[in-house]
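Notebook open, model loaded. I'm going through helix packing and then the strands, jotting things down as I look them up.

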Amino acid sequence: MGIFNQKTKLKPAPQQIRVEKVVVATKPRPTLTPNSLRASSSSHHSASPRLSPNPRLSRPKSASPYPSSSDEKHIAGRKRKVVTSTPRDSPAFGNDSDSEDEDNDPFQKRMRRSESRSIDLNRKLRHKKAFGDDIRDSRIIHAAGIASVATKCPPIAGAKPEEVAIELQYPSRCKRERYELVWQKDKIDAVKDILAVVEHVAETYLTDAEAKPFIDHNASFRRQMERAVSEKYRDVPVFRAALHNYNDKLLELVGNGTVAKNIDQLHHLPPNLVSFILTQVYDRTVAPKVEMLTKYEMGSDNVYGELLHPFVTKLLVEQTKMTSDQVFIDLGSGVGNVVLQAALEIGCRSYGCEMMENACNLAEAQEKEFKSRCLLWGVAHGRVHLERGDFRTNTKILEKLKEADVVLVNNKAFTSTLNDALINMFLDLKKGCKIISLKSFVHENKTAINDVANSILDVQHYRYHENWVSWAAAEGDYYISTKK
């Protein structure tokens, strides 16, 4: 308004916004230390009806039912790459780049690794016979006996006939394993196996300082071997020289007592090493004869299927929290996979009973190789007992059921008659015993007449993740019942 309340014809000048640039000093980024790099690498979470993410997406096409060690390793939800994730249908050539992300560095992964499981102080891991004065013959099935020139496997690229035969030292005073630098689909991949062994030895058996020359990303035995067989170099003599240096250095650490001292500080093995050892056993015993397991009568109780390694770890370590002073029983144990895993991963007394003849024969072969492999790796396992016959009438199994802390029954394909017989067997279980099953023993109708299971079992229902069983890729149901 103008003077004397009259409207003015003048327009006010538009407002101007003044802009000033201010320089703000940035805070310096903190220096990363080994402790700040650490993050949980466990692929297993607390027990819940929903299981952890699929551990087998990058699993190699092996005859083994177990996922490779790479399937166990994740940091903050990121999948790690390790040599054992190389598919069986292509050779395990390394990457020759010097500028890879540190996520591929085994030494950095080791620094970040943390274990979330509870410690079983009663578990003693060092094998009593593995670190004596004399070099022992572990009587293993050598890799060269499965994959070699003699078995019509071609040498890897760049390997001359006289360069094919090699030997690999393990963390014990045992004779070395014989390998041949050959490659063929669905056979043991020597390069992949050797690189994995080097990494497992460094991650589990050595301290940070001791592990560095073995798996450091920039300069280590493993890195030299990986580069030597890469598509860029294909230098087999360099690979052999690096392997020779690895063998000598590890034998030195075994000889001076370093490895044995370090094992004495451990009370359990990492799940990825458990899986790797079991895979070695399977690939040398069951895989060459796996077609034997397809011979069974459809529609009967004798149908074969396996729970895979991550599922078993979830069950025994996280959900039932087994310890080395307990007893595990697998009713219908097949080729013995879960029985052996319980003995190695938990260190408990582990029993299994199977009536299919072919599966029993392969189970006995696995048990023999398993014991030899544990000696080779320098680790003690729980006692293993495999029984042949019908678990409903086997005297030893019926007696040991009274002591059992955890019973596994893969009753997915069992007839109703057999499931009813199992319920009667459970009457002899002690209070608190856990029963893991793929079908519930308790009727949905809680008022069912003569429902014995309802009166003796408390049941929890869970879902297993896809690709955690051998017979299906989809998710499924499982149950953990507790004896009242």
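**α8 and α10.** I looked up the handedness of this pair before anything else: α8 and α10 cross in a right-handed way. This is a predicted model, so I'm reading everything here as such. The axes of α8 (residues 271–285) and α10 (residues 337–346) come within 10 Å and cross at roughly 140°. That makes α8 oblique to α10, because the oblique class takes in angles that aren't roughly parallel, antiparallel (over 145 degrees) or perpendicular.

Who makes the contact? On the α8 side I noted Pro271, Val274, Ile277, Leu278 and Tyr282. The α10 side brings Asn337, Leu340, Gln341, Leu344 and Glu345. Sorted by class, the α8 and α10 contact holds seven nonpolar residues, two polar and one charged.

**α3 and α8.** I stayed with α8 and checked its packing on α3. The angle between α3 and α8 is about 145°, and their axes are 10 Å apart. Here the crossing is left-handed. From α3 I wrote down Asp193, Ala196, Val197, His200, Glu203, Thr204 and Tyr205. From α8 the list is Asn272, Leu273, Phe276, Gln280 and Arg284. I then looked at the classes for α3 with α8: five nonpolar, four polar and three charged.

**α3 and α4.** Next I followed α3 (residues 190–205) to α4 (residues 208–215). Their axes come within 8 Å, crossing at roughly 165°. α3 and α4 are therefore roughly antiparallel to each other, since angles over 145 degrees count that way. I have this crossing down as left-handed. α3 puts Val198, Glu199, Ala202 and Glu203 into the contact, and α4 puts in Ala211, Phe214 and Ile215. By class, I get five nonpolar residues, two charged and no polar ones for α3 with α4. Glu203 caught my eye: this residue of α3 touches α4, and Glu203 is also on the list for the contact with α8.

**The sheet.** Then I turned to the strands. Which order do the seven strands take? I read it as β7-β6-β5-β8-β9-β11-β10, an open sheet with mixed pairing. The edges are β7 (384–388) and β10 (457–464), each of which pairs on one side only. Ignoring direction, neighbouring strands are turned by 15° against each other on average.

**β6 to β7.** I started at the β7 edge. β6 (residues 349–354) and β7 pair in parallel over five bridges, and Ser350 stands opposite Val384 in β7. To get from β6 to β7 the chain goes through helix α11 (residues 357–377), a right-handed β-α-β crossover.

**β8 to β9.** Further along, β8 (residues 406–409) and β9 (residues 434–437) run parallel, joined by four bridges. I found Val407 opposite Ile435 of β9. The chain gets from β8 to β9 by way of helix α13 (residues 416–426), and this β-α-β crossover is right-handed.

**β9 to β11.** How do β9 and β11 run, parallel or antiparallel? I have them as antiparallel, with four bridges joining β9 to β11 (residues 476–483). Ile435 turns up again in this pairing, standing opposite Ser481 in β11. So as not to lose it, I noted that Ile435 has Val407 of β8 as its other partner.

**β10 to β11.** At the β10 edge I counted eight bridges to β11, and the two strands run antiparallel. Arg463 stands opposite Asp477 in β11.

**Odd phi values.** Last, I checked the backbone. Most residues other than glycine have a negative phi, so positive ones are worth a line in the notebook. Asp186 has a phi near 65°, positive despite not being glycine. I placed Asp186 in the loop between β4 (177–180) and α3. Asn467 also has a positive phi, near 65°, and is not glycine either. I found Asn467 in the loop between β10 and β11.

Terms used:
Residues numbered from 1 in each chain as written. Predicted model: local features only at pLDDT ≥ 70, side-chain atom pairs only at ≥ 80, totals over all residues. Heavy atoms only, no water. Axes fitted to C-alpha atoms, helices over the stretch in contact; angles between N-to-C directions. Parallel < 35°, antiparallel > 145°, perpendicular 65-115°, else oblique. Left-handed = near helix turned anticlockwise from the far one by under 90°. Contact = heavy atoms within 4.5 Å. Nonpolar A, V, L, I, M, F, W, Y, C, P; charged D, E, K, R; others polar. Pairing = 2+ DSSP bridges. Right-handed = clockwise from strand over helix to strand, strands pointing away.
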